[in-house]
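Please examine the sequence and the model shown below. The explanation that follows moves from the backbone to the ligand and its surroundings.

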Amino acid sequence: LKRIVVLISGSGSNLQAIIDAINSGRIHGQIVQVISNKADAYGLVRAATAGIPTACIDHKTYSSREAFDADVRQIIDDTEADLVILAGFMRILSAEFVKHYSGRMLNIHPSLLPKYKGLHTHQRALKAGDNEHGCTVHFVTEELDGGPLLIQAVVPVTSADDEESLQRRVHTREHIAYPLAVELICSNRVKFSTKGIYLDDKLLPDSGFR
Ligand code: GAR
């Protein structure tokens, strides 16, 4: 079984979706550690309830990003993790950290990348008058929200939507897309290379698969 470490900062509903998928046999892997940079992240409660070891590394107690990253990396590497999953982890990671996990670190972002990198994605999609929006699971590289795309899930945007309703709709798709992406890696169907992402030995388009 692949050994998975999940990094969170908040509610952890994506973490929960991955826990549920493991428990129902949809992901052939095990979460060996959950790490939060916030002590009050509800995801820590979810992890503890599932019997998963938790750690909190408060970034505010560090004088540099590199020092924080070094301690997070130490915890991850002590678990002999195969895969690092960013699930609502709201810290930018240093280039050195990202390089160390090249090809084995995934992030989920609440937009159809390359659109709307960064924050306030739902608000920006509404403001632009987009009629579709969604989420993307991608490999993490040094370019923020810029690594190769694995899976996108698309939702419609209606004229009745506000930020909250759109966020809710995207969230429900995140909970489907992320477990799928994690299982593709756990079952060795996905390969990361300099040429791009291979799924079952076929090169995916730049947009990943939808
Ligand atoms: C998710 O919507 C995820 O896409 C987003 O944070 C939320 C976490 O929710 N991630 C980012 O914005 C990364 N820049 P959760 O804690 O309930 O899983």
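In which loop is Asn188 found? Asn188 lies in the loop between α6 and β8 (190-193). Its backbone deserves attention: Asn188 has a positive phi of about 60° although it is not a glycine. Most residues other than glycine have a negative phi, and most peptide bonds are trans.

A second backbone feature concerns the peptide bond from Leu113 to Pro114, which is cis, with omega near 15°. Pro114 belongs to the loop between β5 and α5 (121-127).

These details come from a predicted model, and its confidence scores should be read alongside them. The average pLDDT of the chain is 97, and 100% of the residues score at least 70. For the model, ipTM is 0.99 and pTM is 0.98.

Attention now turns to the ligand, which occupies the largest pocket. Three elements each give two or more residues to the shell around the ligand, namely α1 (13-23), β5 (105-109) and α6 (163-186). Two of these elements have already been mentioned: β5 precedes the loop that holds Pro114, and α6 precedes the loop that holds Asn188.

Residue by residue, the ligand is surrounded by Ser11, Gly12, Ser13 and Asn14, by Gly88 and Met90, by Ile108, His109 and Pro110, and by His171 and Glu174. Sorted by class, this shell contains three nonpolar, seven polar and one charged residues.

Several side chains in the shell approach oxygen atoms of the ligand. For Asn14, a polar side-chain atom lies 2.9 Å from a ligand oxygen atom. An N or O atom in the side chain of Glu174 is 2.9 Å from an oxygen atom of the ligand, and for the side chain of His171 the corresponding distance is 3.3 Å. On its own, the ligand has 450 Å² of accessible area, of which the protein covers 86%.

Key:
Residues are numbered from 1 along each chain as its sequence is written. This is a predicted model: local features need pLDDT of at least 70, side-chain atom pairs count only at pLDDT 80 or more; totals for chains, interfaces and linings use all residues. Side-chain values use heavy atoms; hydrogens and water are left out. A residue is near a molecule or strand if one of its heavy atoms lies within 4 Å of it. A polar contact is a pair of N or O atoms within 3.5 Å; within protein, one must be able to donate a hydrogen and the other to accept it, and residues adjacent in sequence count only if both atoms are side-chain atoms. Accessible areas come from the Shrake-Rupley method with a 1.4 Å probe; for residues, only the protein chains shown count as cover. On a 1 Å grid over the protein atoms alone, a cavity is a set of points where a 1.4 Å probe fits but cannot get out, and a pocket is an open set with protein on both sides within 12 Å along at least five of seven lines; lining residues have an atom within 4 Å of a point. A molecule sits in a cavity or pocket if more than half of its atoms lie within 2 Å of its grid points. Helices (H or I, at least four residues) and strands (E, at least two) are DSSP runs, numbered from the N terminus. Ala, Val, Leu, Ile, Met, Phe, Trp, Tyr, Cys and Pro count as nonpolar, Asp, Glu, Lys and Arg as charged, and the others, Gly among them, as polar. pLDDT is the predictor's confidence in each residue, from 0 to 100.
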